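Reader: I'm new to reading protein models and would love a close look at one residue and its surroundings. Could you walk me through it slowly?

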Amino acid sequence: MSAGGPQAPQESLPFHLRGNYAPVPQEVTALDLPVEGAVPPELQGRYVRNGPNPKTGFSPHWFVGDGMLHGVELRDGKAVWYRNRWVRTRSFVEDASATSPEGVCDRTVGRANTHVIGHAGRIFALVESSFPTTVTRELDTQGWFDFGGRLTTAMTAHPKLCPRTGELHFFGYAYLPPFLTYHRADAEGRLVQSEVIEVPGPTMIHDFAITDRHVVFMDLPVVFDLELAQAGTMPYRWSDEYGARVGLMPRGGTNADMRWFEVEPCYVFHPLNAFEEEGTVVVDVVRYGELWRQGAPTFAQASLHRWRIGLSDGRVREQALDDRAIEFPRCDERQTGLANRYGYAVYTERGADENTGTSLIKYDLRTGASAFHDFGSGRIPGEGVFVPASAGAAEDEGWVMAYVYDAMRDASDLVILDAADFTAKPVATIRLPQRVPFGFHGSWIPDSAAARA
Ligand SMILES: [Fe+2]
């Protein structure tokens with residue numbers, strides 16, 4: 001299936017409009033999907049993943065295409081449906097602009113293309129430049145959501161759900177002051193705290209972390225650039241001057257309680273997790289040595305590193321945990337903010353050929369061991385999401401699921417792996433009626449986390 005868009009040979013298109021990065025042109029509903037293997041009957045809910053899928057077939061950068069959700073509902077051992085739906089934001093429906101001629105941002109406008117999560121009976125489609133957009137279990141758009149008028153900034157695409165309290169911790173960042181604002185919603189979904197966090201300048205802050213006692217911010221040297229903004233592309237570039245720091249705020253605290261720690265300049269889109277042990281805050285991150293010196297079109301490779309922040313001596317010790325290229329790190333989210341033994345990531349050894357990088361990797365952070373699940377020649381996985389077998393299951397007792405693109409068939413599957421037997425043949429491979437373009441992040445949204453609209 002080819003995308004619409006400019007009449008140009010594939011080779012002359014930017015990477016994000018070619019091959020399986022290219023958008024799909026239609027919304028599809030398919031029922032009772034064919035399955036190879038057996039869908040575990042414990043899985044009652046839906047896997048949903050977000051990604052850019054420009055409705056015109058063209059976007060100037062991978063990050064700015066209209067969001068499209070791809071979901072598969074699983075029930076009683078069956079793959080009940082597949083649906084893909086554009087997130088019908090004001091950008092999509094009205095071609096509304098997020099920025100006025102005076103440079104004022106309208107947070108009701110955005111592409112909602114980065115992540116999708118469930119919290120307190122709502123499903124949020126998220127992009128870091130705007131308010132969340134709520135969607136139904138069937139992936140139909142309800143509209144933008146600002147917590148009853150309490151949210152006054154954008155919302156990161158990477159909120160953190162505390163497994164202990166049910167609170168949703170998140171933040172918004174902006175290129176005009178306040179550059180960074182922290183928010184906390186309670187387990188019922190009410191926004192109960194917002195705090196402006198002082199940082200020296202406008203940096204790109206894609207993600208953050210929590211521990212059971214702290215919120216962890218990363219203020220890293222990829223800074224807003226007005227010239228790039230005026231050129232209509234990703235308005236951030238590497239800075240040799242800005243410096244790099246990690247900030248800790250006690251949960252429930254304010255900017256006055258922030259402690260900042262210098263780290264070696266680098267960039268991190270995604271932490272794997274953070275936790276505390278013996279007076280140390282441990283933050284595991286997928287670290288780029290440098291990012292976007294010439295602007296945003298190219299990606300370097302990143303690998304798993306650990307920061308150990310000493311709360312008494314204020315020192316940060318950085319350690320490379322692995323040297324292989326990875327992205328999209330995830331853990332068992334029942335361990336968010338708590339010591340996790342396992343992590344999962346996409347192995348991104350892509351080089352110039354997008355049809356390499358055929359593995360998910362699983363880390364055992366206690367022993368240092370790792371395992372690959374190689375999906376086979378030309379079969380490219382996206383982010384792997386861990387789903388526990390039950391609420392009380394041990395860490396790693398459950399499944400890792402991902403969309404896998406098969407270049408030979410130009411088709412995609414939802415593949416379910418046994419997390420504890422990671423290299424084994426998949427538990428289930430669900431055949432989808434169309435390919436799922438490479439995208440960003442997704443979630444398993446059990447029935448309990450998503451009210452039917
Ligand atoms: Fe992300």
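Author: Happy to! Let's settle on Arg245, keeping in mind that this is a predicted model. With a relative accessible area of 12%, Arg245 is buried, because that value is under the 20% cut-off. In the chain, Arg245 belongs to strand S18, which covers residues 245–250.

Now, what does the side chain of Arg245 reach? One partner is Asp219: a polar contact of 2.7 Å links the two side chains. Another is Tyr242, whose backbone oxygen lies 3.0 Å from the side chain of Arg245.

Look next at the wider neighbourhood. Leaving aside residues up to four places away in sequence, Arg245 touches Phe217, Met218, Asp219 and Leu220, as well as Trp260, Phe261, Glu262 and Val263, and also Pro200. Asp219 therefore turns up twice in this picture, as a residue that Arg245 touches and as its polar partner through the side chains, with Arg245 itself buried.

For practice with the word "buried", try two residues elsewhere in the model. Leu139 sits in the loop between strand S8 (133–135) and strand S9 (141–144), and its relative accessibility of 2% makes it buried too. Ala120, in the loop between S6 and strand S7 (122–126), counts as partly exposed at 33%. Each has a positive phi without being a glycine: near 75° for Leu139 and about 50° for Ala120.

Conventions: Residues numbered from 1 in each chain as written. Predicted model: local features only at pLDDT ≥ 70, side-chain atom pairs only at ≥ 80, totals over all residues. Heavy atoms only, no water. Helix = DSSP H or I, 4+ residues; strand = E, 2+ residues; numbered from the N terminus. Buried < 20%, exposed > 50% of the residue type's maximum accessible area, 1.4 Å probe, protein only. Polar contact = N/O pair within 3.5 Å; in protein donor to acceptor, adjacent residues only side chain to side chain. Contact = heavy atoms within 4.5 Å.
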